[in-house]
Amino acid sequence: MNTWKDKALFTPGPLTTSRTVKQAMLCDLGSRDTEFIQMVREIRAQLIKLAMTSEDFYTSVLMQGSGTFGIESVISSAIPTNGKLLILVNGAYGERMTHMAKIHNIEMLVQACPENQTPDLRLLENTLIANPDISHVAVVHCETTTGIINPIGEIGRLVNTYKRVYIVDAMSSFGAYPIPVEDFKIDFLISSSNKCIEGVPGFSFIIARIEALKACKGNARTLAMDLFSQWEGLEKSGQFRFTPPVQVIRAFRQALVELEDEGGVYGRAERYRQNYVLTLLHLTKLGFIPYLPPENRGYTITSFRYPDYPKFNFEEFYQRLSNKGCVIYPGKLSHADCFRIGHIGRLDQSDVFLLISAIRETLSDMEITLEPQEEWVKTGVA
Ligand SMILES: *Cc1c(COP(=O)(O)O)cnc(C)c1O
């Protein structure tokens with residue numbers, strides 16, 4: 001599938017993309033031209049469909065910059081000066097939202113839990129009851145730090161019961177997990193062009209409940225990332241306020257076509273799940289131990305512990321794999337030494353087999369022998 005012979009990216013993004021997605025960028029395009037305006041309109045409508053809802057209640061906004069810019073746009077635009085944000089944290093991306101709140105002087109409360117656990121829902125409910133001043137709740141769906149999947153539907157129902165506004169960072173899951181925003185009571189969902197939709201990096205997008213978005217008017221703490229004004233511009237003239245990444249947006253339209261061709265979110269989920277299962281089985285057979293318990297793991301990215309072996313050195317391991325054409329990802333955990341393997345992007349089983357052979361050879365080159373792990377023994381697949 002990786003026809004350009006670039007290295008295969010087993011990372012959480014930017015990812016390996018199809019040749020046709022890359023080719024879609026080979027053009028010049030005016031950002032005020034009708035062709036571009038029409039393209040943006042189509043993309044916005046399609047994002048609403050992907051969120052399994054309708055344009056009657058939801059809208060989408062494209063925001064220049066990487067995923068973090070989209071999240072900061074929501075955090076700095078949605079919470080009014082007298083508001084208070086509760087952030088559920090079990091990894092680096094939840095933590096990053098607390099930094100945003102701090103920078104923008106937003107009152108905040110943090111409910112943190114260990115990185116291998118999902119948030120305690122009873123504690124969340126009690127916190128909402130005890131703190132009527134909490135106006136907004138934010139959580140990360142797939143915490144890419146570990147690959148853990150947080151229960152955004154259950155959290156949404158609680159947040160809705162207590163009538164607070166709900167913000168979900170679905171960066172590394174949207175497009176690969178079905179997320180019915182209306183059912184999950186999500187007011188703002190953020191993702192980006194270069195994760196599970198398999199576009200190239202350059203913008204993020206926000207799927208917002210129209211009523212919640214209207215309430216953002218006048219709240220913005222920045223000019224460029226003002227979510228309400230960005231939406232207003234797109235609605236009124238179909239245009240961006242400031243230069244959009246036109247080629248990236250064109251590539252994204254192609255990526256959406258290819259997502260559809262693959263069978264939509266369910267088809268894509270199936271391929272990613274296969275990549276995940278293959279990776280897990282063979283890496284545990286080779287002796288690696290996944291960081292998360294099975295019930296918390298998602299299929300977009302997996303964290304593995306560094307093997308407890310004197311000759312294992314991550315930098316060397318990484319470089320040798322990279323030399324063989326496979327790029328993996330370092331860990332980001334605060335308490336455990338891990339590396340990560342992404343299962344997303346335009347990769348299929350043949351790429352995963354390439355990675356597994358590369359890891360096997362690398363272990364042998366580094367003279368590392370590990371004991372096959374439980375997981376492999378239990379599930380045993382050839
Ligand atoms: C990738 C990612 C982001 C955004 O990161 P950028 O480097 O700004 O694209 C935010 N949250 C999660 C969970 C992510 O996986």
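Trainee: Which residue in β14 stands opposite proline 330?

Mentor: That's phenylalanine 339. Before we go on: this is a predicted model, where local features need pLDDT of at least 70, side-chain atom pairs count only at pLDDT 80 or more, and totals for chains, interfaces and linings use all residues. Residues are numbered from 1 along each chain as its sequence is written, and side-chain values use heavy atoms, with hydrogens and water left out.

Trainee: How do I read a name like β14, and what is pairing?

Mentor: Strands (E, at least two residues) and helices (H or I, at least four) are DSSP runs, numbered from the N terminus. Two strands pair if DSSP finds at least two bridges between them. Here, β13 and β14 (residues 338–342) pair in the antiparallel sense over two bridges. They belong to an open sheet of three strands in the order β11-β14-β13, with antiparallel pairing. Its edge strands, each pairing on one side only, are β11 (301–305) and β13 (329–330).

Trainee: Now the ligand. Which residues come nearest?

Mentor: A residue is near a molecule if one of its heavy atoms lies within 4 Å of it. There are 13 residues around the ligand, and Ser66, Thr68, Thr144, Asp169 and Lys195 come nearest. By class, this shell has five nonpolar, five polar and three charged residues. Asp, Glu, Lys and Arg count as charged; Ala, Val, Leu, Ile, Met, Phe, Trp, Tyr, Cys and Pro as nonpolar; the others, Gly among them, as polar.

Trainee: Which element gives the largest share of the shell?

Mentor: α3 does, with three residues.

Trainee: How far is the side chain of threonine 68 from the ligand?

Mentor: Look for pairs of N or O atoms within 3.5 Å, called polar contacts. An N or O atom in the threonine 68 side chain is 2.5 Å from a ligand oxygen. Threonine 144 also has a polar side-chain atom 2.5 Å from an oxygen of the ligand. For lysine 195, the distance from a side-chain N or O atom to a ligand oxygen is 2.8 Å.

Trainee: And what about odd backbone spots?

Mentor: Most residues other than glycine have a negative phi, and most peptide bonds are trans.

Trainee: Where is there a cis bond?

Mentor: Between glycine 13 and proline 14, with omega about 0°. Proline 14 is in the loop between β1 (8–9) and α1 (19–23). Then there's asparagine 105: not a glycine, yet its phi is positive, about 60°. You'll find asparagine 105 in the loop between α4 and β4 (107–112).

Key: Polar contact = N/O pair within 3.5 Å; in protein donor to acceptor, adjacent residues only side chain to side chain.
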